[in-house]
Amino acid sequence: MITKTRKTKETDITISLNLQGEGKSNIKSGVGFLDHMLESFSKHSLIDLDIVCNGDTHIDDHHSVEDIGIVLGALIAEAIYPVKNMERFGSANIVMDEACVNCDLDLSNRPFLVYEVDLQGKVGNFDTELVEEFFRAFVLNAKLTVHIVQLRGKNQHHIIEAAFKAVAVAIRRAIAKNERVGIPSTKDML
Ligand SMILES: [Mn+2]
C-alpha cells in the first residue's frame, strides 16, 4: 500500500492504494453516491483502496469530489510510473441495463481527458456535473490519456456507474502485467 494525505481548508483526505490488489476497499468519502462509485471502481480495477475524506460538504460536495480525484490520481501516477512490464493500453465498453459507456485509456504520462457524457441534474443529492470534475482531477494528476464516451443511456445512475466501471476495467487491462512488453514505448521511457 502507498499512502497520501492532503489537507486544505476545504478537505482533509487520506488515501491508501495497492495497484495490483484484489479489489478490496474501505471508503468513507463523505459523499454517499461517490462511495458507491469508488467501491465499484476498486472492485473492477482490482486496485485496493482505503479512502477517508473529511470535507466541507455543508457547502456542497464539489471540493470533496474534486480533491479525492486529485489525491487518487496522484497515487495512481506514483504507482504506475515509470511504466514497465505493463500492457499500457486498456479499453472497455460497459453496459448497465440501457446504458453503455466506453473508456479508452493510455498510461501515457501525459494527461488528457476526452469526456463526452451527457448528464443533467442530480442522482439523489449528488450533482451529476461533479462526475466530470472528478474525472478531470483524476486524469490530470494520474497523467493518463483517458477518453470516456457515452454510447447509450437514459438513467443517470446507470450512465455514471457504467462510466466508473468502464474506467476501472480499462485501467485493469492497462496495468495488467506483461513481462514481454518491457518498457512499452519507442522512447524507452514512460
Ligand atoms: Mn448502482
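**Manganese site and strand pairing in the predicted model**

In this predicted model, histidine 157 and glutamate 161 both lie in helix H4 (residues 156–174), and because they are 4 residues apart there, about one helical turn separates them. Histidine 157 is partly exposed, its relative accessible area being 27%, whereas glutamate 161, with a relative accessible area of 7%, is buried. These two residues take part in binding the manganese ion, for which the protein donors are His36 (NE2), His157 (NE2) and Glu161 (OE), at distances of 2.0 to 2.2 Å from the ion. Along the chain, the donors of the manganese ion are arranged with the spacing H-x120-H-x3-E.

Attention turns next to strand S6 and its partners. Of the 8 residues of strand S6 (residues 99–106), 7 are buried, and the strand is therefore largely enclosed by the rest of the structure. Strand S5 (residues 89–96) runs antiparallel to S6 and is joined to it by 8 bridges, with alanine 92 standing opposite cysteine 103 in S6. The two strands, S5 and S6, form a hairpin in which 2 residues lie between them, and aspartate 97, in the turn, has a positive phi of about 50 degrees.

Strand S6 also pairs with strand S10 (residues 145–152), in the antiparallel sense and over 7 bridges; in this pairing, valine 101 is found opposite glutamine 150 in S10.

Definitions and conventions
Residues are numbered from 1 along each chain as its sequence is written. This is a predicted model: local features need pLDDT of at least 70, side-chain atom pairs count only at pLDDT 80 or more; totals for chains, interfaces and linings use all residues. Side-chain values use heavy atoms; hydrogens and water are left out. Donors are N, O and S atoms within 2.8 Å of the metal (3.2 Å for Na, K and Ca); water is not among the atoms, so sites may look incomplete. Buried means under 20% relative accessible area, exposed over 50%, partly exposed in between (1.4 Å probe, protein chains only). Two strands pair if DSSP finds at least two bridges between them.
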